[in-house]
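Me: Got a minute to go through a structure with me? I'd like to talk about what sits inside and what holds parts together.

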Amino acid sequence: MREAFAVLEEEAAAGRVAGYEVATWAGLEEEAFTVGELLALAAEAAGGQHHLVAVQLPVSLVMMTPIVQALDGRGPLPAAVGAGLRVMASAPLHGGELPGMVGQELADFIRPGLTPAQACVLAVASCPGVRNVLLAASGAPHWGEAADAVAQLSLTAAQLREITVVLASP
């Protein structure tokens with residue numbers, strides 16, 4: 001990773017990139033590395049001030065560990081925010097599988113009146129530290145639905161915690 005950061009820092013020094021991010025499916029959750037270690041590698045590669053600006057990791061109602069940790073003020077999301085990095089949540093619909101797994105009853109529990117997909121997106125967008133939610137949509141109606149979800153008033157930490165407790169129950 002340090003070698004990749006060195007190349008990216010060279011590109012930043014040459015003015016070809018303004019910054020870069022680390023995107024990982026499991027590296028942060030499984031603690032293959034920490035935000036602190038990434039920052040240290042970036043600073044080492046830069047010889048000082050680095051251009052690492054963001055981290056991206058999956059956050060969803062299936063991959064809830066980042067949400068649960070963030071609600072407790074621990075884990076990669078608060079660490080990244082504390083270091084001034086942007087946090088981008090990927091796979092909020094878990095590859096499109098989640099809306100089919102979430103019934104209307106759960107969607108209404110999250111926020112009455114939302115579709116299952118909207119409820120899933122709102123939960124991720126409400127996660128402490130998440131600044132951007134990255135998702136793919138099959139067409140303009142799905143984009144509109146997602147935009148409507150993130151335009152909603154965020155869930156409170158208490159609501160989000162209750163949702164994770166309900167989903168973690170056997």
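**Helix α7 and its surroundings**

Reply: Sure, and keep in mind that this is a predicted model. The buried residues of α7 pack against β3, α5, α6 (104-110), β4 (132-133), α8 (140-150) and α9.

Me: How many residues of α7 are buried?

Reply: Nine of the ten in helix α7 (residues 116-125) are, so the helix is largely enclosed by the rest of the structure. The buried ones are Pro116, Ala117, Gln118, Ala119, Cys120, Val121, Leu122, Ala123 and Val124.

Me: OK, pockets next. How much space is in the largest pocket?

Reply: The largest pocket holds about 170 Å³. It is lined by 13 residues, and those closest to its centre are Leu93, Ala117, Leu135, Ala136 and His142. Two elements, α7 and α8, give two or more residues each to that lining.

Me: And what kinds of residues make up the lining of the largest pocket?

Reply: Eight are nonpolar, four are polar and one is charged.

Me: Switching to salt bridges. How many are there?

Reply: The count is four salt bridges. One of them pairs Glu44 with Arg2, with the closest N and O atoms 2.7 Å apart. Glu44 lies in helix α2 (residues 35-46) and Arg2 in helix α1 (residues 2-13), so this pair ties together parts that are 42 residues apart in sequence.

Me: How exposed are Glu44 and Arg2?

Reply: Glu44 is partly exposed at 48% relative accessibility. Arg2 is also partly exposed, at 34%.

Me: What does Asp72 pair with?

Reply: Asp72 forms a salt bridge with Arg74, where the closest N and O atoms are 3.7 Å apart. The side chain of Asp72 also meets that of Arg161 in a salt bridge, at 3.0 Å from N to O. Asp72 sits in the loop between α3 (65-71) and α4 (76-82), while Arg161 is in helix α9 (residues 157-168), so the pair ties together parts that are 89 residues apart in sequence. Because the salt bridges share partners, Asp72, Arg74 and Arg161 end up joined in one network.

Me: Are those three buried or exposed?

Reply: In between. Asp72 is partly exposed with 42% relative accessibility, Arg74 is partly exposed with 43%, and Arg161 is partly exposed with 34%.

Me: Back to α1 for a sec. How buried is Glu9?

Reply: Glu9, which is in helix α1, is buried, with a relative accessible area of 6%.

Me: What does Glu9 touch?

Reply: Leaving out residues up to four places away in sequence, Glu9 touches Tyr20, Ala42, Ala45, Ala46, Gln49, His50, His51 and Leu52. As for Ala42, 33 residues away from Glu9 along the chain, the C-alpha atoms of the two are separated by 8.0 Å.

Me: Last one: where is His94, and which residues does it touch?

Reply: His94 is in the loop between β3 (86-90) and α5 (98-101). Not counting residues up to four places away in sequence, His94 touches Trp25, Ser60, Val62 and Met63.

Me: Why does His94 count as buried?

Reply: Its relative accessibility is 18%, and the cut-off for buried is under 20%, so His94 falls on the buried side.

Methods. Residues are numbered from 1 along each chain as its sequence is written. This is a predicted model: local features need pLDDT of at least 70, side-chain atom pairs count only at pLDDT 80 or more; totals for chains, interfaces and linings use all residues. Side-chain values use heavy atoms; hydrogens and water are left out. Helices (H or I, at least four residues) and strands (E, at least two) are DSSP runs, numbered from the N terminus. Buried means under 20% relative accessible area, exposed over 50%, partly exposed in between (1.4 Å probe, protein chains only). Contact means heavy atoms within 4.5 Å. On a 1 Å grid over the protein atoms alone, a cavity is a set of points where a 1.4 Å probe fits but cannot get out, and a pocket is an open set with protein on both sides within 12 Å along at least five of seven lines; lining residues have an atom within 4 Å of a point. Grid points are joined across faces, edges and corners, and a volume is the space filled by probe spheres set on the points. Ala, Val, Leu, Ile, Met, Phe, Trp, Tyr, Cys and Pro count as nonpolar, Asp, Glu, Lys and Arg as charged, and the others, Gly among them, as polar.
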